Amino acid sequence: MTLEDAQQQVDQWIKTYGVRYFSELTNLAILTEEVGELARIMARTYGDQSFKKSDLGKDLGDEMADVLWVLLCLANQTGVDLAEAFQKNLEKKTQRDQNRHKENPKLQ
């Protein structure tokens with residue numbers, strides 16, 4: 001699946017089942033909530049915190065997909081082609097950072 005496919009599938013789902021998109025600001029708040037849920041699972045799986053009963057059964061991939069879903073909604077709402085934006089961002093990072101990390105003694 002491409003990013004374009006994902007954006008189209010989300011749009012079709014919203015139009016079929018979701019009635020309409022939530023407002024952009026509501027979706028931004030939802031994105032923040034979803035990132036928080038992802039952070040919680042990451043902190044308990046890879047960090048020093050222990051799991052609470054309410055955390056058990058949470059799936060890391062599902063939490064990441066929730067974040068992606070809302071990001072795709074926001075892209076659709078604001079007219080952003082995520083595939084194009086990602087490609088441009090990758091080119092920017094490549095040009096800006098092509099030697100930066102290789103020359104960082106902290107990463108050696």
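A nonpolar core here is a set of buried Ala, Val, Leu, Ile, Met, Phe, Trp, Tyr and Cys residues joined through side-chain atoms within 4.5 Å. In this predicted model, the largest such core has eight residues, namely Ala6, Val10, Ile14, Tyr21, Leu72, Cys73, Ala75 and Leu82. The elements that put two or more residues into that core are H1 and H3. There is also a second core, separate from the one just described, with six residues, and Leu31, Leu38, Val67 and Val70 are among them.

Isoleucine 14 makes a handy way into the larger core, being one of its eight members. With neighbours within four places in sequence set aside, isoleucine 14 touches Val19, Arg20, Tyr21, Trp69 and Cys73. Two of these contacts, Tyr21 and Cys73, turn up in the list of core residues as well. Isoleucine 14 also appears in the lining of the largest pocket, alongside Arg20, Tyr21, Trp69 and Cys73.

That pocket comes next. The largest pocket has a volume of about 150 Å³, and the full roll call of its lining is Trp13, Ile14, Gly18, Arg20, Tyr21, Phe22, Asn27, Ile30, Trp69, Val70 and Cys73. Three helices each supply at least two residues of this lining: H1 (3-17), H2 (24-46) and H3 (60-78). Of the contributors, H3 gives the most, with three residues. By character, the lining splits into eight nonpolar residues, two polar ones and one charged one. Val70 belongs to the lining of this pocket and is also found in the second core.

Now for the aromatic rings. A pair of aromatic rings is described by the distance of the centres and the angle of the planes. Searching the whole structure turns up two aromatic pairs. In one of them, the ring centres of tryptophan 13 and tyrosine 17 sit 5.5 Å apart with the planes at 40 degrees, so this pair is tilted. Tryptophan 13 and tyrosine 17 are four residues apart in helix H1, and so about one helical turn separates them. Their accessibility is as follows: tryptophan 13 is partly exposed, with a relative accessible area of 40%, while tyrosine 17 is exposed, at 58%.

The other pair joins tryptophan 13 to tryptophan 69, with ring centres 5.3 Å apart and planes at 85 degrees, so this one is edge-to-face. Because tryptophan 13 lies in helix H1 and tryptophan 69 in helix H3, the pair ties together parts that are 56 residues apart in sequence. Tryptophan 69 counts as partly exposed, at 31% relative accessibility. Taken together, Trp13, Tyr17 and Trp69 form one aromatic cluster. Trp13 and Trp69 both line the largest pocket too.

Valine 19, one of the contacts of isoleucine 14, is a bit of an oddity. Most residues other than glycine have a negative phi, yet valine 19, which is not a glycine, has a positive phi of about 70 degrees. Valine 19 lies in the loop between H1 and H2 and, with 76% relative accessibility, counts as exposed.

A few further residues help place the helices and the end of the chain. Aspartate 5 is found in helix H1 and counts as partly exposed because its relative accessibility is 31%, which falls between the 20% limit for buried and the 50% limit for exposed. Aspartate 5 and alanine 83 are 78 residues apart in sequence, and their C-alpha atoms are 9.8 Å apart in space.

Methionine 42 is found in helix H2 and is partly exposed, at 33% relative accessibility. Neighbours within four places in sequence aside, methionine 42 is in contact with Gly47 and Leu60. The C-alpha atoms of methionine 42 and aspartate 11 are separated by 29 Å, with the two positions 31 residues apart along the chain as the sequence spacing.

Finally, glutamate 103 is found in the segment after helix H4 (82-97). Glutamate 103 is exposed, with a relative accessible area of 60%. Glutamate 103 and leucine 56 lie 47 residues apart in sequence and 41 Å apart in space, C-alpha to C-alpha.

Note on methods
Residues are numbered from 1 along each chain as its sequence is written. This is a predicted model: local features need pLDDT of at least 70, side-chain atom pairs count only at pLDDT 80 or more; totals for chains, interfaces and linings use all residues. Side-chain values use heavy atoms; hydrogens and water are left out. On a 1 Å grid over the protein atoms alone, a cavity is a set of points where a 1.4 Å probe fits but cannot get out, and a pocket is an open set with protein on both sides within 12 Å along at least five of seven lines; lining residues have an atom within 4 Å of a point. Grid points are joined across faces, edges and corners, and a volume is the space filled by probe spheres set on the points. Ala, Val, Leu, Ile, Met, Phe, Trp, Tyr, Cys and Pro count as nonpolar, Asp, Glu, Lys and Arg as charged, and the others, Gly among them, as polar. Buried means under 20% relative accessible area, exposed over 50%, partly exposed in between (1.4 Å probe, protein chains only). Contact means heavy atoms within 4.5 Å. Rings of Phe, Tyr and Trp (its six-membered ring) pair if their centres lie within 6.5 Å; planes under 30 degrees apart count as stacked, over 60 as edge-to-face and the rest as tilted.
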